[in-house]
Amino acid sequence: MPDIKRLQFTTIRQNPEAILADTLVLGVYEGRNFTEPAQHVDRLVHRRLSAFLADRAFEGRSGQMMSLLGLPGIKAQEILVIGLGARDKWNRAQFRKVQNAVMEHLSRTGSRTVINTLTAITERDILTGWSIRQTVEASYQAIYRFTECLGQNSKKTSFPRLERIHLVLAGSKISETDTRSAIASGTAMAHGIFLCRNLANLPPNIATPRFLAAEARKLAQSDPRFKLKILTEREMKRIGLNALLAVAQGSHEPPRLIVLEYLGQRSSSGKPIALIGKGITFDSGGISIKPAAAMDEMKFDMCGAASVLGTLKVVSELKLPLHVVGVVAAAENMPGGGAVKPADIIHTLSGHTVEVLNTDAEGRLVLCDAITYAQNQYQPQVIIDAATLTGACVVALGHYPSGLFANNDELAHELENAAIEALDPVWRLPLWHEYQDSLKSNFADFSNVGGRDAGAITAACFLWRFISKVPWAHLDIAGTAWKSGNDKGATGRPVPLLAQYLMTRAGRKL
Ligand code: BES
Ligand code: MN
Ligand code: ZN
């Protein structure tokens with residue numbers, strides 16, 4: 001896998017006109033309402049900027065852009081004016097949206113050095129440290145390209161030239177230490193997202209359970225605080241992870257249980273925070289095979305796993321003083337002579353027996369054993385799982401928030417707050433015992449599917465049965481982990497959410 005291209009970030013307090021750069025970015029609200037840095041530049045150039053924008057009917061609508069070349073007194077070669085939309089509607093989401101648009105534009109138009117003044121906007125409850133971090137993340141997102149699998153001839157297409165970004169802070173009182181901390185956390189977040197997206201974008205003939213295990217090993221070797229354990233089929237059989245094994249048994253690819261522990265606390269005695277990821281490297285549906293349309297997207301069925309590894313990368317880069325254990329249940333779900341069949345009954349690690357009524361409900365099967373394993377081995381203080389678990393979650397919530405389920409209100413609120421802080425939205429769905437009836441089986445303790453109704457909830461209810469008295473949250477990321485259509489590809493979610501949750505738990509503000 002490729003290394004991420006490093007970007008240089010520096011902060012400057014004043015006079016953006018004095019800095020040599022390819023592009024100077026200025027923000028203008030709707031109604032040609034200039035931000036402070038834009039006013040400053042306009043005064044320097046004797047109102048030529050405002051006159052030009054008026055002449056071109058530049059209104060400042062959100063995302064509207066206008067480029068000017070060579071203004072006297074301004075060292076930057078180009079001025080890029082970006083519309084910020086209505087000033088009274090300015091908020092965090094709008095900040096990030098505009099910053100994404102700017103950095104994406106610059107990544108396509110060949111800018112190498114940029115002076116970005118949007119970080120100088122201090123409006124509403126948006127803190128400068130937050131803006132810096134989001135700008136760093138937006139810049140890395142803008143230069144992300146997945147070129148791993150292109151042939152020699154197409155690889156020559158130009159890669160973004162972005163190198164250095166000066167973040168203008170103007171009147172902000174933020175300390176030097178805090179700006180450095182914000183840049184560091186933005187960079188770490190970008191690295192975690194980058195790892196997650198790369199793992200998920202790789203094709204399923206490369207990104208197999210064994211490949212994920214090898215990538216986890218690389219990550220483990222990058223920091224002595226990591227401790228890695230990889231269970232192969234033999235060990236899984238010995239221990240009794242039969243649900244995970246059942247999912248894998250129709251495939252030629254052997255499964256792996258990847259256990260990556262991060263010991264960032266001085267005393268290693270504390271109970272860990274467990275992150276559990278669904279790692280189905282390809283979900284064909286098995287014997288209950290899926291239709292052909294969009295089946296290719298089932299290579300993304302390991303996004304939960306990729307996000308757990310991505311999050312652990314962030315934790316390690318930030319050296320968070322936490323004890324975290326990541327458990328990735330990796331398998332390929334295929335039909336085959338030896339595949340698990342509808343009506344098969346499996347004896348899960350927990351002792352519960354499960355009748356497999358649909359082999360396409362495989363995520364909950366690999367997860368239930370991973371959950372039991374984590375509880376038995378680590379007695380975690382909290383469990384959070386991330387899984388591309390149900391199409392029903394996409395029907396319910398679409399592609400904007402991830403579905404959040406929790407057996408504990410405090411944990412749910414912590415995650416909801418982290419989601420807001422990290423701009424990685426979640427929406428809580430109910431976890432009620434009343435739904436459990438739909439998992440009834442005539443032949444085993446329960447079955448692996450409910451009916452058609454409330455599919456995201458009944459899937460969560462299935463997992464819930466394996467949770468033993470510990471605060472637990474389940475993230476159904478089926479609608480948010482990747483995009484379909486023209487910009488098909490992994491989003492890196494929910495790395496921002498999980499990493500933010502852990503940063504907050506570690507008391508790290510920026
Ligand atoms: N990985 C899928 C869920 C999925 C489907 C995510 C489409 C995103 C897009 C999961 O393993 C699955 O197949 N779930 C079934 C469950 C059903 C058989 C109860 C589903 O959602 O149809
Ligand atoms: Mn499935
Ligand atoms: Zn699946």
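Student: Is asparagine 333 buried or exposed?
Tutor: Asparagine 333 is buried, with a relative accessible area of 2%. Keep in mind that this is a predicted model.

Student: Okay, and where does asparagine 333 lie?
Tutor: In strand 11, which covers residues 323-333.

Student: Which side chain does asparagine 333 make a polar contact with?
Tutor: With the side chain of aspartate 283, at 2.8 Å.

Student: What else is asparagine 333 in contact with, leaving aside its neighbours within four places in sequence?
Tutor: The list includes Val247, Ile280, Phe282, Ser284, Thr359, Asp360 and Glu362, besides Asp283 itself. Two more entries are Gly285 and Gly286.

Student: Let's go to the metals. What coordinates the manganese ion (ligand 2)?
Tutor: Asp283 (OD), Asp360 through both O and OD, and Glu362 (OE), at 2.0 to 2.2 Å. Along the sequence, the donor residues of the manganese ion (ligand 2) are spaced D-x76-D-x1-E.

Student: What's the arrangement around the manganese ion (ligand 2)?
Tutor: Irregular, because the six donor atoms subtend angles of 70 to 169 degrees. For six donors to count as octahedral, opposite ones must be over 155 degrees apart and all others between 65 and 115.

Student: Where in the fold do aspartate 283 and glutamate 362 lie?
Tutor: Aspartate 283 lies in strand 10, and glutamate 362 in the loop between strand 13 (353-355) and helix 10 (363-378). The pair therefore ties together parts that are 79 residues apart in sequence.

Student: How about accessibility: what are the values for aspartate 283 and glutamate 362?
Tutor: Aspartate 283 has a relative accessible area of 3%, and glutamate 362 has 1%. Aspartate 283 counts as buried, and glutamate 362 does too.

Student: Now the zinc ion (ligand 3). Which residues coordinate it?
Tutor: Lys278 (NZ), Asp283 (OD), Asp301 (OD) and Glu362 (OE) coordinate the zinc ion (ligand 3), at 2.0 to 2.4 Å.

Student: And why is the arrangement around the zinc ion (ligand 3) called octahedral?
Tutor: Because its six donor atoms subtend angles of 79 to 175 degrees. The spacing of its donors along the chain is K-x4-D-x17-D-x60-E.

Student: How far apart are the zinc ion (ligand 3) and the manganese ion (ligand 2)?
Tutor: They are 3.1 Å apart, and aspartate 283 coordinates both. On the zinc side, aspartate 283 sits in strand 10 (residues 273-283) and aspartate 301 in the loop between strand 10 and helix 9 (303-317), so this pair ties together parts that are 18 residues apart in sequence. Aspartate 301 is buried, as is aspartate 283.

Student: Switching to the sheet. What's the strand order?
Tutor: Eight strands form an open sheet, in the order 8-9-11-10-14-18-15-16, with mixed pairing. At the edges stand strand 8 (226-231) and strand 16 (426-428); each has a single partner strand, so one side of each is left without a neighbour in the sheet.

Student: By how many degrees are neighbouring strands turned against each other?
Tutor: By 20 degrees on average, with direction ignored.

Student: How do strand 15 and strand 18 run?
Tutor: Antiparallel, with four bridges joining strand 15 (residues 402-406) to strand 18 (residues 472-476). One bridge pairs leucine 404 with leucine 475 in strand 18.

Student: What does helix 12 touch on the sheet?
Tutor: Helix 12 (residues 409-422) packs against strand 14 (382-387), strand 15, strand 16 and strand 18, and its direction makes about 155 degrees with that of strand 16. Helix 14 (residues 495-505) also packs on the sheet, touching strand 10, strand 11, strand 14, strand 16 and strand 18, at about 170 degrees to the direction of strand 10.

Student: Backbone oddities next. Which peptide bond is cis?
Tutor: The one from arginine 493 to proline 494, with omega near 0 degrees. Proline 494 is in the loop between strand 20 (489-490) and helix 14. For context, most peptide bonds are trans, and most residues other than glycine have a negative phi.

Student: On that note, what's phi for leucine 423?
Tutor: Positive, about 55 degrees, although leucine 423 is not a glycine. Leucine 423 lies in the loop between helix 12 and strand 16, and is partly exposed at 27% relative accessible area.

Student: And what's phi for alanine 57?
Tutor: Near 55 degrees, a positive value. Alanine 57 is in the loop between helix 2 (48-55) and strand 4 (65-69), and counts as partly exposed at 49% relative accessibility.

Note on methods:
Residues numbered from 1 in each chain as written. Chains lettered and ligands numbered in written order. Predicted model: local features only at pLDDT ≥ 70, side-chain atom pairs only at ≥ 80, totals over all residues. Heavy atoms only, no water. Donors = N, O, S within 2.8 Å, 3.2 Å for Na, K, Ca; no water. Tetrahedral: all angles 85-135°; square planar, octahedral: opposite > 155°, others 65-115°. Helix = DSSP H or I, 4+ residues; strand = E, 2+ residues; numbered from the N terminus. Buried < 20%, exposed > 50% of the residue type's maximum accessible area, 1.4 Å probe, protein only. Pairing = 2+ DSSP bridges. Axes fitted to C-alpha atoms, helices over the stretch in contact; angles between N-to-C directions. Contact = heavy atoms within 4.5 Å. Polar contact = N/O pair within 3.5 Å; in protein donor to acceptor, adjacent residues only side chain to side chain.
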